[in-house]
Amino acid sequence: MSNIVLSISTNKQKEVMSYYAKNFVERKAPGVIFAAKLPDTAITMYKSGKLMFQGGGAEREAARWGNIEVTNTQKSSSIGAKGDVLPEGFAAMSVLGSDETGTGDYFGPITVAAVYVPSSKIELINELGVKDSKMLTDDYMRKIAPDLRAACVHSVLVLRNEKYNELQSRGYSQGKMKAMMHNRALKNTLSKMAPEKPEHILIDQFAERGVYYNYLKNEREIIREDVLFSTKAEQLHVSVATASILARAAFLKEMDRLSEIAGIELLKGASAKVDALAARIWRKQGEEFLRAITKWHFANTEKAKKMK
C-alpha cells in the first residue's frame, strides 16, 4: 500500500474528474475539490493542484496522469529529516506516533501526545484535515482535535509549571522530562489498544537514541520494541502529525486556564514581549504567582526581574 501525489494543471483536473466521475465519493475535508474511490485506490484532488492516490493501485492510477511526486511516503532523508531509516511504504503502515509542544514557551506547560493510527484509518485521519501541525493555525487545531481524539486511541500528558519547576530544581533536564513523558504516553496508549500492536512506533526525535534511553534508565518500564526516531516525523506518518495536533490543543487549553487565572491573555514563545508581560504580572501579583505559571529557569525570568 502506498501514497502518491501528482501536481496537475487546471485542465488536467477536469480530465481527472471526468475520468473518475462514476467513482465519485463526497469528501468534506478542507481543500478537497474532488474525490473518487476504486476497489483498491482512493483518489483525492485538492485546490492546490495536488492529486493524491492511496492504496494498492496508487502507482497504476497515478501513472495515467503524470510524473510521480514523492510525498509523505518518502524516506526521511528526502525531506531533510534525520534519524532512523524508515521501512519502505512506512506512511501507509499502522503506526503509534508521539510528539510534544510547549518546550520553548516561557508561560505554560509541556504537553506530549501519543496516537495510534492503523492503516485502515489513515484515509479517515487525512479527511479530518491532518497534516504537519506547523502548517495549521491554533484555532484550526482546536477545531479538529475533538474529532481526532474520538477517532484514535491516544494518550495526552500535561506537565504543568509547578511540577516542571520542581523537577527542574531537582536536576532534571528538559530532555529527561520529555523522554519520561513520551515513554509514559506510549505505554498508556499501548495499554489502551492491547492486544493490538502497532507495526512500528515513531517518536519525533529530540535526542539521539542512546541519550533518550539513558534518560529513562531508572524507569520501571521502558518502551523499546519497534521504536524508530526521526526529526520532522510529523511529515513521515500521520500518527505523529495527529499527536502534534493533540499535544498543541492540550497546550492551548492549559494556556487558556492560566490566562483566566492571571486575568490577562498569556503570550506564547519567549520573546521580549513575553519579558514585558512577565514583568507586569510580577509587579501586580508577585514572584510566587509568576513562578507558578512559567518555566522559571528560562532567561525571561531575569529579564523580567530587571523590568519590574
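**A walk through the chain, from the core outwards**

Let's start on the inside: the largest nonpolar core of this predicted model has 44 residues, and Phe-107, Leu-266, Leu-290 and Ile-293 are those with the most contacts inside it. Apart from this core lies another, made of 21 residues, including Met-141, Ile-144, Ala-243 and Ile-245.

Pick out Leu-266 to see how such packing works. Leaving aside residues up to four places away in sequence, Leu-266 touches Phe-107, Met-255, Leu-258, Ser-259, Leu-277, Ile-281 and Ile-293.

Now step back to the whole chain. Its secondary structure comes to 11 helices and nine strands, and the C-alpha trace spans about 70 × 40 × 30 Å along its principal axes. Of the 308 residues, 52% are buried. Among contacts between residues at least 6 apart in sequence, 70% join residues at least 24 apart.

Helix α5, residues 161-169, makes a good example to follow. Its buried residues are Asn-161, Tyr-164, Asn-165 and Leu-167. Looking down the axis of α5, you would find these buried residues within an arc of 165°, so they line one face of the helix. A general rule helps here: an α-helix has 3.6 residues a turn, so residues three or four places apart point the same way. The buried residues of α5 pack against the strands β6 (110-117) and β7 (153-159), and against the helices α6 (174-193), α8 (238-262) and α10 (287-292). Just after α5 comes Gly-171, with a positive phi of about 100°.

Finally, look at the outside. The accessible surface comes to about 14900 Å², and 49% of it belongs to carbon and sulfur atoms. As for charge, the chain has 46 positive and 36 negative side chains, with the centres of the two sets 4 Å apart.

Methods
Residues are numbered from 1 along each chain as its sequence is written. This is a predicted model: local features need pLDDT of at least 70, side-chain atom pairs count only at pLDDT 80 or more; totals for chains, interfaces and linings use all residues. Side-chain values use heavy atoms; hydrogens and water are left out. A nonpolar core is a set of buried Ala, Val, Leu, Ile, Met, Phe, Trp, Tyr and Cys residues joined through side-chain atoms within 4.5 Å. Buried means under 20% relative accessible area, exposed over 50%, partly exposed in between (1.4 Å probe, protein chains only). Contact means heavy atoms within 4.5 Å. Helices (H or I, at least four residues) and strands (E, at least two) are DSSP runs, numbered from the N terminus. Accessible areas come from the Shrake-Rupley method with a 1.4 Å probe; for residues, only the protein chains shown count as cover. Lys and Arg count as positive and Asp and Glu as negative; His and the chain ends are not counted. The place of a charge is taken as NZ of Lys, CZ of Arg, CG of Asp or CD of Glu. The arc is that of the directions from the helix axis to the C-beta atoms.
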